[in-house]
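Here is a short tour of the pockets and the ligand site. Please look through the structure before reading on.

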Amino acid sequence: MKQTSADSRMTVSGKRILLIISGGIAAYKSLELIRRLRERGALVRPIMTAAAQQFITPLAVGALSASHVYLDLFSREDEQDVGHIRLARDCDLIVVAPATANLMAKMAQGLADDLASTVLLAADRPVLVAPAMNPKMWAHPATQRNVQQLQQDGIHFIGPMAGEMAESGENGLGRMAEPLEIVASVESLLDGGEKPLKGRRAIVTSGPTHEPIDPVRYIANRSSGRQGHAIARALAKLGADVTLVSGPVSIADPEGVKTIHVERAEEMRDAVLDLLPADIAVMVAAVADWRVATSSDQKIKKQPGDAPPMLSLTENPDILKTVGHHAHRPTLVIGFAAETQNIEENGRSKLARKGADLIVANDVSPESGIMGGDRNRVKLITRDGIEDWPDMDKNSVADHLARKITQMLETS
Ligand code: CTP
């Protein structure tokens, strides 16, 4: 296990990353991004725009990156040191985090009026952009036009995510992706390695489902979608053709994966069945077991003196079980078991009941911090026995599982 745990980090080790930090409150997260990249052995060379320096200091960026921080297009020292053209070329990947609406507009137009925009115009390396801005700025047709242009130009995107904005408390799309999500994208962009799952089709479900009570209320659960999204990304990294069917989550669609967004369990089931046949199905979603039998078309109003409404529940389709017993059953069917007690016993009975080849069982008791957290500790239950994996971050669990899937397919 230790051996392969190092593997997922190898992709970044020794790679040279040019990190462009533009001016936004999310710039504070770039400090952690630098730490996470360096932890994995990357060499980080930072450029800061003038606006970025209003949010974090070149001193902090320099200390964390252990590198000179490039600030000015017309700095004689910097130009003598490497020069802006070499800065643009002397790296394996350029990451722009945070990317403001302004910098993206300049990139889309090919403007070069400061060091960051000039380097981006001179670049011939892959560029990954992590936008961060107010939701209204992101949704503005001008920004959306620029994003489309940049995508056409081959620029890669991670995020933005939904969630609360640090400065205004507003909700919506615009929050920068978390440092670890950016790192995962960096890894997948830099990974030109082997593709043992090339030619294999995979379906992954992820996130919670929302079961409506009325147009404004729903039943949900605490799943963040992190583990499922990481698995989709990990399978794609190994060359699989992956479609992710995601419930409502506030994390970004993974790089290199086709994502279908659904709300309800029944929609998720329909989307999954439409995708058959496939070689691999990994059902990670925390599908609601029940839905409201007759959800109301109108908002249920509270009338003075009335008793609270009674919700009558009905069972949702079991997607894993349906796929596990389907005429076009994928070669490998994998389920998750979220347990708070008797993990092994419950995992084994799920394996048999749902017609799965492998159940990834995890302890989601509140003390474990797994639900919604970054880390996971899992047991793999197959007909042949149990493998107990050590505590790892969810991306590493995903990488290991993708390798395990490769082995299982090879021997099936
Ligand atoms: N699952 C599914 N469709 C459902 C319920 C669960 O596809 N309607 C899948 C999940 O994606 C997961 C596995 O089944 O891979 C186990 O889900 P879990 O909720 O832990 O198991 P249940 O069968 O609902 O059993 P219990 O609620 O008794 O723990």
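Start at the ligand, in what is a predicted model. In the side chain of D289, an N or O atom sits 2.9 Å from an oxygen atom of the ligand. Two lysines make polar contacts as well. K350 places a polar side-chain atom 2.9 Å from a ligand oxygen. For K354, the distance from a polar side-chain atom to an oxygen atom of the ligand is 2.6 Å.

| Residue | Distance from a polar side-chain atom to a ligand oxygen |
|---|---|
| D289 | 2.9 Å |
| K350 | 2.9 Å |
| K354 | 2.6 Å |

How much of the ligand does the protein cover? On its own, the ligand has 570 Å² of accessible area, and the protein covers 78% of that. There are 16 residues around the ligand. Those that come nearest are M283, A285, L320, F336 and K354. K354 thus appears twice: among the nearest residues and among the polar contacts.

Now turn to the pockets. The largest pocket holds about 1,200 Å³ of space. It is lined by 43 residues. A285, A286, V287, D289 and A338 are the closest to its centre. Two of these names are familiar from the ligand: A285 is among the residues nearest to it, and D289 has a side-chain atom 2.9 Å from a ligand oxygen.

Which elements give two or more residues to this lining? They are the helices α11 (226–237), α13 (319–324) and α14 (343–354), along with the strands β8 (201–206), β15 (313–315) and β16 (332–339). β16 gives the most, with four residues. By class, the lining of the largest pocket has 19 nonpolar, 14 polar and ten charged residues.

The second largest pocket has a volume of about 490 Å³. Its lining counts 25 residues. Closest to the centre of this pocket are G159, P160, A252, D253 and H261. Helix α9 (141–152) and strands β6 (161–164) and β12 (258–261) each supply at least two lining residues. The largest share comes from α9, with three residues.

What is the class make-up of this second lining? It has 14 nonpolar, nine polar and two charged residues. Both domains take part: domain 1 (5–193) and domain 2 (201–411) each provide at least three residues to the lining of the second largest pocket.

Key:
Residues are numbered from 1 along each chain as its sequence is written. This is a predicted model: local features need pLDDT of at least 70, side-chain atom pairs count only at pLDDT 80 or more; totals for chains, interfaces and linings use all residues. Side-chain values use heavy atoms; hydrogens and water are left out. On a 1 Å grid over the protein atoms alone, a cavity is a set of points where a 1.4 Å probe fits but cannot get out, and a pocket is an open set with protein on both sides within 12 Å along at least five of seven lines; lining residues have an atom within 4 Å of a point. Grid points are joined across faces, edges and corners, and a volume is the space filled by probe spheres set on the points. Ala, Val, Leu, Ile, Met, Phe, Trp, Tyr, Cys and Pro count as nonpolar, Asp, Glu, Lys and Arg as charged, and the others, Gly among them, as polar. Domain bounds come from an automatic or database domain assignment. A residue is near a molecule or strand if one of its heavy atoms lies within 4 Å of it. A polar contact is a pair of N or O atoms within 3.5 Å; within protein, one must be able to donate a hydrogen and the other to accept it, and residues adjacent in sequence count only if both atoms are side-chain atoms. Accessible areas come from the Shrake-Rupley method with a 1.4 Å probe; for residues, only the protein chains shown count as cover.
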